[in-house]
Amino acid sequence: MKLGFIGTGNMAGAIIGGIIKNGLIPPEEIIGSDISAPGREHMQNIYGIHVTPDNRKVAERAEVIFLCVKPQYYSTVIAEIKNVISNKQLLISIAPGKTLGWLEEHFGKPVKLVRTMPNTPAMVSRGMTAVCPNDCVSKEELEYVVSILKTIGETEVIPENLIDAVVAVSGSSPAYVFIMIEAMADAAVAEGMPRAQAYKFAAQAVYGSAKMVLETGRHPGELKDMVCSPAGTTIEAVRVLEKKGFRSALIESMKACAEVSRNL
């Protein structure tokens, strides 16, 4: 098998889906393991990959292995597979809080490790993933990992000391945006707009605004100023947001998020 997944949850499904959709690796060369029979069978039914309840089987058979379990299970999974992992295999972590040093220590031998931090928009091929390799990973191997992750969105190679910032600004931020969209829609409903229509208007406004930042290259403050006419409706809304501490709430929530990530 070219590719293995230990854990077949939402993020594994997003990555598998992106890989197959883009024709990078065929499903018959992908294997996934999960303790949940419904979870792994669901993945098999959707994508046609091989599945197993045995993590060691994935570790024995796959050239590249994604560790897609929750951070609290990493110690258990690594203890289970480390004796069958060779120095030719490539291991990719998606867990916050588990540093390259921590991973190397738990494997107890030199292994090729790439630490990554994707986010849930990967499920619609619009993800943002940070990538950080250890010293055992070659340039060509890193490029291969990046090519895999580009099937689910944008990818950036970063120094490891920025990973916790990535967790806050990208990994967890879809939740902040979803709350904002929900609140915007609630306000529109209060003004008489039907609920489904309110969600569409709010979500499209957020999507379009993000696209303007990415495609124009202009500073977000400059784009904000373009909307704020003198004595107009938008600047009044901005005034209230500033009064209520909108920026500060975002900054403080992200600092708290990064702190939790550091201590996982």
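Is E222 buried, partly exposed or exposed? In this predicted model, E222 has a relative accessible area of 36%, so this residue counts as partly exposed. Its side chain meets that of R218 in a salt bridge, with 2.8 Å from N to O, and R218 is likewise partly exposed, at 36% relative accessibility.

The pair belongs to a wider picture, since a search of the whole structure finds 9 salt bridges. One of them joins R115 and E160, whose closest N and O atoms are 2.9 Å apart. Because R115 lies in strand β6 (residues 112-117) and E160 in the loop between β8 (153-157) and α7, this bridge ties together parts that are 45 residues apart in sequence. R115 is buried, at 3% relative accessibility, whereas E160 is partly exposed, at 25%. A salt bridge also links K224 with D225; K224 is partly exposed at 34% relative accessibility, and D225 is partly exposed at 48%.

Turning to the interior, the largest nonpolar core holds 49 residues, and L3, F5, I65, F66 and Y74 have the most contacts inside it. Helix α1 (residues 10-21) supplies the largest share of this core, 6 residues. Beyond its neighbours within four places in sequence, F66 touches several residues, including L3, F5, I92, I94 and I148. Another core, of 9 residues, lies apart from the largest one and includes A130, I158, V167 and A168.

The second largest pocket has a volume of about 790 Å³. Among its 30 lining residues, C68, V69, K70, P71 and I94 are the closest to its centre. By class, the lining comprises 15 nonpolar, 12 polar and 3 charged residues.

Methods:
Residues are numbered from 1 along each chain as its sequence is written. This is a predicted model: local features need pLDDT of at least 70, side-chain atom pairs count only at pLDDT 80 or more; totals for chains, interfaces and linings use all residues. Side-chain values use heavy atoms; hydrogens and water are left out. A nonpolar core is a set of buried Ala, Val, Leu, Ile, Met, Phe, Trp, Tyr and Cys residues joined through side-chain atoms within 4.5 Å. Buried means under 20% relative accessible area, exposed over 50%, partly exposed in between (1.4 Å probe, protein chains only). Helices (H or I, at least four residues) and strands (E, at least two) are DSSP runs, numbered from the N terminus. Contact means heavy atoms within 4.5 Å. On a 1 Å grid over the protein atoms alone, a cavity is a set of points where a 1.4 Å probe fits but cannot get out, and a pocket is an open set with protein on both sides within 12 Å along at least five of seven lines; lining residues have an atom within 4 Å of a point. Grid points are joined across faces, edges and corners, and a volume is the space filled by probe spheres set on the points. Ala, Val, Leu, Ile, Met, Phe, Trp, Tyr, Cys and Pro count as nonpolar, Asp, Glu, Lys and Arg as charged, and the others, Gly among them, as polar. A salt bridge is a side-chain nitrogen of Lys or Arg within 4 Å of a carboxyl oxygen of Asp or Glu.
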